[in-house]
Amino acid sequence: RIRHGLGGIDWSLVATMLMKIHWIYLVLFTTYIAITMLGALNIITGLFVHEAVEMARLDKDVMREESERQQNHKMATLTKVFKTIDRMNRGFIDKEDFVHALGLLQVQQSMRSVGIDVADPHYFFERLDANEDLTLEIDEFVIGCMRVLHQEALAIEVAAMSQSNKRNLKSLHQNQAKIAERCEAIASRVEAVYSVALHQLELTRLEPSDRLWPRSDSSERQ
């Protein structure tokens, strides 16, 4: 049962009363109802979109802070690893020191705690040795390890973004289907009111040339 938005009045009753005055009022009434419902739907949709954007922004800020905290923790851990390898406090390590240290369980666990699992120490040392001087200073070691982590994380992120895009596309299609259903419902309601208008036109046999306002009693007597 279709109800009038403000007073709870049946739309068909309103349409009947308006038809007794003139058919143009019924057209204006149905147009008003259609515009009002579409406007309300847009407002509700806008509120949901605004809330979603705000939540996404907050989530992004939280994720950025958490990422910075993890980065600082990893850099601190890698600094400790370097100092463990540099037993002589020379300020640098060579390939022999690095390969020997990677055989220690403590160093392996520390490297794995930051997400690095070294399968080939010789190859990994060459990846870190950017200037190819066969030694690694602390900055070269830490930055090199972070670069390796970034490259691996980038590959994972690309795969995750691909999955996220698929989910977002599916959600978009679902939302479009819901909006289409709502529009069809509104169109059905408007069509029902227009059907009442046409029925009343047929009953009262009003002509398009009739005046906008009903005739007065004096004019009818004449």
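**A tour of the phenylalanine cluster**

Begin by selecting Phe82, Phe98, Phe124, Phe125 and Phe141, which together form one aromatic cluster. The model is predicted. The count of aromatic pairs comes to four, and two of them are visited here.

Keep Phe98 and Phe124 on screen. Their ring centres lie 6.1 Å apart, inside the 6.5 Å cut-off for a pair. The planes of Phe98 and Phe124 meet at 10°, so this pair is stacked. Now show the backbone around both rings: Phe98 is in helix H3 (residues 95–101), while Phe124 is in helix H5 (residues 121–128). The pair therefore ties together parts that are 26 residues apart in sequence.

Switch on the surface next. Are these two rings buried or exposed? Phe98 is buried, with a relative accessible area of 0%. Phe124 is buried too, at a relative accessible area of 6%.

Stay on Phe98 and add Phe141. These two residues form an aromatic pair that is edge-to-face, with 6.4 Å from centre to centre and 65° between the planes. To place the second ring, select helix H6 (residues 138–204), where Phe141 lies. With Phe98 in helix H3, this pair ties together parts that are 43 residues apart in sequence. Phe141 has a relative accessibility of 0%, so Phe141 counts as buried.

To finish, select Phe98 with both partners: Phe98 is stacked with Phe124 and edge-to-face with Phe141.

Key
Residues are numbered from 1 along each chain as its sequence is written. This is a predicted model: local features need pLDDT of at least 70, side-chain atom pairs count only at pLDDT 80 or more; totals for chains, interfaces and linings use all residues. Side-chain values use heavy atoms; hydrogens and water are left out. Rings of Phe, Tyr and Trp (its six-membered ring) pair if their centres lie within 6.5 Å; planes under 30 degrees apart count as stacked, over 60 as edge-to-face and the rest as tilted. Helices (H or I, at least four residues) and strands (E, at least two) are DSSP runs, numbered from the N terminus. Buried means under 20% relative accessible area, exposed over 50%, partly exposed in between (1.4 Å probe, protein chains only).
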